[in-house]
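Visitor: Could you take me through one part of this model in close detail? I'd like to hear about the open sheet and what packs around it.

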Amino acid sequence: MKYIDEFNDPGLARRLLDEIRATATRPWALMEVCGGQTHSIIRHGIDQLLPEQVELIHGPGCPVCVTPLDVIDQALEIASRPGVIFCSFGDMLRVPGTDRDLFRVKGEGGDVRVVYSPLDALELARRHPDREVVFFAIGFETTAPANAMAVHQARRLGLNNFSLLVSHVRVPPAIEAIMTAPACRVQGFLAAGHVCSVMGMAEYPELAARFRVPMVVTGFEPLDILEGIRLAVRQLERGEHRVENAYPRAVREEGNPAAVRMIEEVFEVTDRNWRGIGPIPLSGWRLTDAFRAYDAEHRFDVTGIRTEEPAECRSGEVLQGLIKPTECEAFGTTCTPRTPLGATMVSSEGACAAYYLYRRMNAATPQAERAAREEMNPVA
């Protein structure tokens, strides 16, 4: 299949790995920003194939994982109300709130529906004018254009029974927060290719220069990730710190101007709280005054909810790249996909979910795991 099979070619992967090994002469720590990249890395064992000098740190790029607990509880409160059709992407239904999740609300009689697009929710609002239809608008820059389009269309069509519960977040402020954290070890970034396909690359050169870290826009297939690592390591070895595009088949420097215009018409930048991390200034979007009538948080008056994370959940440290999932005492014991303490265990892009799904169940380094497997299964 074009653009799939080519980027899984084992021969090309070996060549890229050989180049990385030949280039890396000292330890380097790279952070992949996106949870989709994390899952690809763990699924294909990329971190286990790298030379011991190169460490991959998992970043906060899982939009489900960073949706704050108070917003989850707002969603649960709204979805429980009579006359509401609450619409969401499927991976939000298992995310734990303070004492339940959206699946529980649905089981208790709430009208919670999985949709594949905010425009599906808009169609429900058109077909059910006597019901309030709320779409759970979460995500990074990638999902913002479609959510902006939905509320733009709602106003054009006069669908006043439609609203968004917004928890959008932005990647560049999160990178700044990571780099200014006292315990930061990150020396380079694999930037999220899908985010850059929307927003372009203009926000990254200043960050790369200020923090003196290479930023390589990277895709999601195995060869995409290996190429991103190769370019980042090459820059580090040369003492460079600039933005490179390793995903040119999807990313242009200017991004998608039409999508950016739609975002800027409907949303405005605001401070945002990140689950497990805390508040990050100017890291989110909210509806502008022109579209504030479609803000579910205000329409349903759920602004006063305050919450507290479970003390035993260390997902915030996982999201900041401070620990690997297996370093959390609850991982795989009290915290599993059936009994999650945090969103990182149930999201399709969560690091904890990736480690559990692909059976990374101990705290050994990737290289130690590889050595153990080779010892048990020696190559003839």
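Guide: Here is a walk through the open sheet, followed by the neighbouring strands, a helix and the cavities. A quick word on ground rules: this is a predicted model, where local features need pLDDT of at least 70, side-chain atom pairs count only at pLDDT 80 or more, and totals for chains, interfaces and linings use all residues. Residues are numbered from 1 along each chain as its sequence is written, and side-chain values use heavy atoms, with hydrogens and water left out.

The open sheet has 6 strands in the order S4-S3-S5-S6-S11-S10, with mixed pairing (strands, E, at least two residues, and helices, H or I, at least four, are DSSP runs numbered from the N terminus; two strands pair if DSSP finds at least two bridges between them). At its edges sit S4 (111-114) and S10 (267-274), each pairing on one side only. Neighbouring strands are turned by 25° against each other on average, direction ignored (axes are lines fitted to C-alpha atoms, for helices over the stretch in contact, and angles run from 0 to 180 degrees between N-to-C directions).

Within the sheet, S5 (residues 132-139) and S6 (residues 162-169) run parallel and share 7 bridges. One bridge to look at joins Ala137 to Val166 in S6.

Now for the helices lying across it. H7 (residues 118-127) crosses S3 (84-88), S4, S5 and S6, at about 170° to S5 (contact means heavy atoms within 4.5 Å). H13 (residues 257-266) lies across S10 and S11 (278-287), at about 80° to S10.

Elsewhere, S7 (residues 188-192) has 5 of its 5 residues buried (under 20% relative accessible area; exposed is over 50%, partly exposed in between, with a 1.4 Å probe and protein chains only). S7 pairs in the parallel sense with S1 (residues 28-34) over 3 bridges, and 4 bridges join S7 to S8 (residues 215-218), also parallel. Leu190 is the residue to follow here: Leu190 is the bridge partner of Glu32, and Leu190 also has Val216 in S8 as a bridge partner.

Helix H9 (residues 171-180) has 7 of its 10 residues buried, so it is largely enclosed by the rest of the structure. Among the buried ones are Val171, Ile175, Ile178 and Met179.

Last, the empty space: a cavity is a set of points on a 1 Å grid over the protein atoms alone where a 1.4 Å probe fits but cannot get out, and lining residues have an atom within 4 Å of a point. Grid points are joined across faces, edges and corners, and a volume is the space filled by probe spheres set on the points. The count comes to 3 cavities of 30 Å³ or more, and the largest has a volume of about 60 Å³. Of its 13 lining residues, the closest to its centre are Cys313, Cys328, Cys335, Thr344 and Cys352.

Note on methods:
1 Å grid on protein atoms, 1.4 Å probe; cavity = no way out; pocket = protein on both sides within 12 Å on 5 of 7 lines; lining within 4 Å.
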